[in-house]
Amino acid sequence: MLNANEGQRAVAVEHRRRRQRRGVLDRLALRRSLHGLLAVMLVMLFTTGCWGGHSDEDGSDMATISGLTDPIGGVSTKEVKANVVQDKAVSHNGRTLTFGILYPFAHMFYETITEQAKAAAGPQQVSLLVQAPDEANAEQQIRMMENMINRHVDGIAVDPIDATAMQPVIDKAIAAGIPVICFESDAPGSQRLSFIGADNRLAGQRMGGLLDGLLGGRGMILVETGASHMDSLNKRLEGLRYYLETYTEIQILDVRYNEGSEATAQTDLEQMIDDHPHFDAFIALDPLSVSAAVLVWKAMGLNRHALTFGMMPEIEDAIRNGQLTATVSQYEQEWGAQIVSRLIQAAGGHKLPAFSDTGMTDVTMETLSRAAAEK
């Protein structure tokens, strides 16, 4: 057996090892964010003609978005400028462009992205066709995609529910000359031109690091996710499992899939809490699961940790009110402008980077309070 001094040294070594692991994860996230910024800078150079690329006679405009929520500080900003230079949004025959945006389901999280996309599209005179199934229904999403192809839109941004099922439809659009990009969740086996978002496996590992710090490397957690075939959610879960199994003694008691149903999300969470009343933390991998968690935490007055991914006003309010402990934001406030920018570039014949990494950051009550104090 260890004596007292040896035990203290062992604990100190373990804490130092965990800090080092979290430092590695933060450096990896920073590195990926810098790589994404470099890719954007290269696109800017290309589209403005500095390396012999195409440039419009009238130059390029920066997309401006007003009244967004900053996921780092959670504060309203008057003006956020997209970091991608846009070409003039007019097709070769002189008509204005129409872009389709296709979400996995209708939710306020995606309404926020739509507002940002509209703000970026307005100055460019771009028309947006925004659609989403009421719930995460892959067949319905595919029919909506087919409809956009039949309407001969000038570009499509899709957040696929089922990457495998969506692949042939994405390839069909590409074959018809319609540029397609993915955001939040990828379809890597398709011919899509670019993916906008973050490394979801790394995001899952980052969530594992947050849990490690909150629970001291031990404890029991519950996990709820959305559609079982959604690429982003599966990668988040994979990254979370990897970190917890490799570096901690934290046990996942149960994982439930709501399959895009808001009612199922709440029922599943209530059932998991009944089955495992001594859990230490809950992880919501998708927007519906976190909405359910906020309602349940309010109703039951729970003081357990609840963590999620993404940033929107509901999540910020829940952190401030104590229903949520933290979120891993993937800078979703950039997605709307990036979607419009990338599709304009693709419609203009420019080659897009395969991955537009928007990076990630942790948002807690501490970061919100600090931002408010600095305001």
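In the predicted model, the largest nonpolar core holds 77 residues, and the members that touch the most others are Leu 211, Ile 221, Leu 269, Phe 282, Ile 283 and Trp 297. For Ile 221, with residues up to four places away in sequence set aside, the residues touched are Leu 211, Leu 215, Leu 244, Ile 250, Gln 251, Ile 252, Leu 253, Asp 254, Ala 281 and Ile 283. Another core lies apart from the largest one and has 20 residues, including Ile 170, Ala 173, Ile 178 and Cys 182. In soluble globular proteins, nonpolar side chains tend to be buried together.

Over the whole protein, 53% of the 375 residues are buried. The secondary structure consists of eleven helices and 16 strands. Of the contacts between residues at least 6 apart in sequence, 72% join residues at least 24 apart.

One group of parallel strands involves E12, E13 and E14. Strand E12, residues 281-284, pairs with E13 in the parallel sense over four bridges. One of the bridge partners is given by Ala 281, which is matched in E13 by His 305. Between E12 and E13 the chain passes through helix H8, residues 287-300, in a right-handed β-α-β crossover. Strand E13 itself spans residues 305-309 and is mostly covered, with four of its five residues buried. Strand E14, residues 326-329, runs parallel to E13 and is joined to E13 by three bridges. Within this pairing, Leu 307 stands opposite Ala 326 of E14. Helix H9, residues 313-321, completes a right-handed β-α-β unit with E13 and E14.

A comparable description applies to strands E7, E8 and E9. Strand E7, residues 155-158, and E8 are parallel and pair over three bridges. Ala 157 stands opposite Ile 181 in E8. The connection from E7 to E8 runs through H4, and this β-α-β crossover is right-handed. In strand E8, residues 180-183, the side chains of Val 180 and Cys 182 point one way and those of Ile 181 and Phe 183 the other way; all are buried. Strand E9, residues 194-197, also pairs with E8 in the parallel sense, over three bridges. The bridge partner of Ile 181 in E9 is Ser 194. Ile 181 therefore has Ala 157 of E7 opposite and Ser 194 of E9 as a bridge partner.Helix H4, residues 163-175, contains Asp 171. With a relative accessible area of 17%, under the 20% cut-off, Asp 171 counts as buried. Beyond neighbours within four places in sequence, Asp 171 is in contact with Ser 190 and Gln 191. The C-alpha atoms of Asp 171 and Gln 191 are 5.5 Å apart, while the two residues are separated by 20 residues in sequence.

Aromatic pairs number ten in the model. In one of them, Phe 105 and Tyr 110, the ring centres are 5.5 Å apart and the planes meet at 85 degrees, so the pair is edge-to-face. Both Phe 105 and Tyr 110 are buried. Phe 279 and Trp 297 make another edge-to-face pair, with 6.2 Å between centres and 70 degrees between planes. Phe 279 is located in the loop between helix H7 (262-275) and E12, and Trp 297 in helix H8, so this pair ties together parts that are 18 residues apart in sequence. Phe 279 is buried at 2% relative accessibility, and Trp 297 is buried at 3%. The ring of Phe 279 also has the charged end of Arg 304 over it, 4.8 Å from the ring centre. Elsewhere, ring pairs link Tyr 103, Phe 105, Phe 109, Tyr 110, Phe 183 and Trp 335 into a cluster. Of these residues, Phe 183 belongs to strand E8, and Phe 105 and Tyr 110 form the edge-to-face pair described above.

Terms used: Residues are numbered from 1 along each chain as its sequence is written. This is a predicted model: local features need pLDDT of at least 70, side-chain atom pairs count only at pLDDT 80 or more; totals for chains, interfaces and linings use all residues. Side-chain values use heavy atoms; hydrogens and water are left out. Helices (H or I, at least four residues) and strands (E, at least two) are DSSP runs, numbered from the N terminus. Buried means under 20% relative accessible area, exposed over 50%, partly exposed in between (1.4 Å probe, protein chains only). Contact means heavy atoms within 4.5 Å. Two strands pair if DSSP finds at least two bridges between them. A crossover is right-handed if, with the strands pointing away from the viewer, the path from the first strand over the helix to the second runs clockwise. Rings of Phe, Tyr and Trp (its six-membered ring) pair if their centres lie within 6.5 Å; planes under 30 degrees apart count as stacked, over 60 as edge-to-face and the rest as tilted. A charge sits over a ring if NZ of Lys or CZ of Arg is within 6 Å of the ring centre and within 35 degrees of the ring normal. A nonpolar core is a set of buried Ala, Val, Leu, Ile, Met, Phe, Trp, Tyr and Cys residues joined through side-chain atoms within 4.5 Å.
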